[in-house]
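User: Hi! I'm new to this and would like to go through a structure step by step. Could you show it to me first?

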There are 2 protein chains.
Amino acid sequence: MLDDVGDLYQALADPTRRLILDELTGRDGQTLFEICGRLATKHQVGSSRQAISQHLDVLEAAGLIVTRRQGRYKFHHLDTRPLRSITERWLRSTEPTRENP
Amino acid sequence: MLDDVGDLYQALADPTRRLILDELTGRDGQTLFEICGRLATKHQVGSSRQAISQHLDVLEAAGLIVTRRQGRYKFHHLDTRPLRSITERWLRSTEPTRENP
DNA sequence: AGCATATGCAAGTCACGGCTTGCCTATCAA
DNA sequence: TTGATAGGCAAGCCGTGACTTGCATATGCT
């Protein structure tokens, strides 16, 4: 039985998606086009708009960003709460082995 | 320019590797064969010994486990310190956009 | 209405990662 | 020394995921 939070870790596995989170950390609530432009100029990311859009879908599925529609704009907001579960998962309640007293 | 800590996130991306970390959290300092056995019995992981060994290599490269050789045994110890950087990376110092005051 | 802007959908390509298979090395016990 | 145990190395298969390309939809401005 594998865990059911794979989406979160999968989302963080891609370096471009981590840069997107970085961008939203610095400036929350950006649109797709804004993110594309900033990734290109500030981080030399040459991916297409569709590629970034797909990344945003993955991040949203992981619960790391929430979106808000307003007219033809779609604003992306960061939600870092899921990240806490990562550190908390492997808190040591270690029962040492005989070889490691 | 992408980040240089990709190994950490890549290591966490695989569900079997996360289970290995779970196992070491419960009982630190296990050998490869111990981990294989416990993954099989407790978590229904049917991967081969070589597969688990490769996973351990990835986790070690990510700095999440450290190994200690003793005779023909190799003990694997958890090191959760790299995990802190994940939560800390996206701490909000947000400059809100005009659309998100 | 007509056009530009902002985003969505879908199929196809291609490289990488997880896993297996097969064989090899090293340590310890009888 | 022989056999069993613990682990390592390398090549190959194969599915998944990141990216592109092409087209479609929707909103707003003039």
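Analyst: Let's start with a term: a polar contact is a pair of N or O atoms within 3.5 Å, and within protein one must be able to donate a hydrogen and the other to accept it, while residues adjacent in sequence count only if both atoms are side-chain atoms. This is a predicted model, where local features need pLDDT of at least 70, side-chain atom pairs count only at pLDDT 80 or more, and totals for chains, interfaces and linings use all residues. Residues are numbered from 1 along each chain as its sequence is written, chains are lettered from A and ligands numbered from 1 in the order in which they are written, and side-chain values use heavy atoms, with hydrogens and water left out.

User: How far is the side chain of B:Q54 from a base oxygen of DNA strand C?

Analyst: Here the pair joins an N or O atom in the side chain of B:Q54 and a base oxygen of DNA strand C. B:Q50 also reaches a base oxygen of this strand with a polar side-chain atom, at 3.4 Å. For B:Q54 the distance is 3.1 Å.

User: Which element gives the largest share of the surface near DNA strand C?

Analyst: A residue is near a strand if one of its heavy atoms lies within 4 Å of it, and 22 residues surround DNA strand C. They divide into 4 nonpolar, 11 polar and 7 charged (Ala, Val, Leu, Ile, Met, Phe, Trp, Tyr, Cys and Pro count as nonpolar, Asp, Glu, Lys and Arg as charged, and the others, Gly among them, as polar). Elements are DSSP runs numbered from the N terminus, namely helices (H or I, at least four residues) and strands (E, at least two). The largest share, 4 residues, comes from α4(B).

User: What part of the atoms of DNA strand D within 4 Å of the protein is sugar and phosphate?

Analyst: Of the 23 residues around DNA strand D, A:R17, A:S48, A:H55, B:R49 and B:K74 come nearest. Sugar and phosphate account for 61% of the atoms of DNA strand D that come within 4 Å of the protein.

User: Which phosphate contact does A:R17 make, and how long is it?

Analyst: On DNA strand D, a backbone N or O atom of B:F33 lies 3.1 Å from a phosphate oxygen. A:R17 uses an N or O atom of its side chain to reach a phosphate oxygen of that strand, at 2.7 Å.

User: Why is helix α1 of chain A largely enclosed by the rest of the structure?

Analyst: Buried means under 20% relative accessible area, exposed over 50% and partly exposed in between (1.4 Å probe, protein chains only). The buried residues of α1(A) include A:L8, A:Y9 and A:L12. Helix α1 (residues 6-13) of chain A is largely enclosed because the number of its 8 residues that are buried is 6.

User: Which element gives the largest share of the lining of the largest pocket?

Analyst: On a 1 Å grid over the protein atoms alone, a pocket is an open set of points where a 1.4 Å probe fits, with protein on both sides within 12 Å along at least five of seven lines, and lining residues have an atom within 4 Å of a point. The largest pocket is lined by 13 residues, with A:L32, A:R69, A:R72, A:K74 and A:H76 nearest its centre. The lining divides into 4 nonpolar, 4 polar and 5 charged residues. The largest share, 4 residues, comes from α4(A).

User: What is the volume of the second largest pocket?

Analyst: This pocket is also lined by 13 residues, B:T31 and B:L32 among those nearest its centre. A volume is the space filled by probe spheres set on the grid points, which are joined across faces, edges and corners. For the second largest pocket that comes to about 190 Å³.
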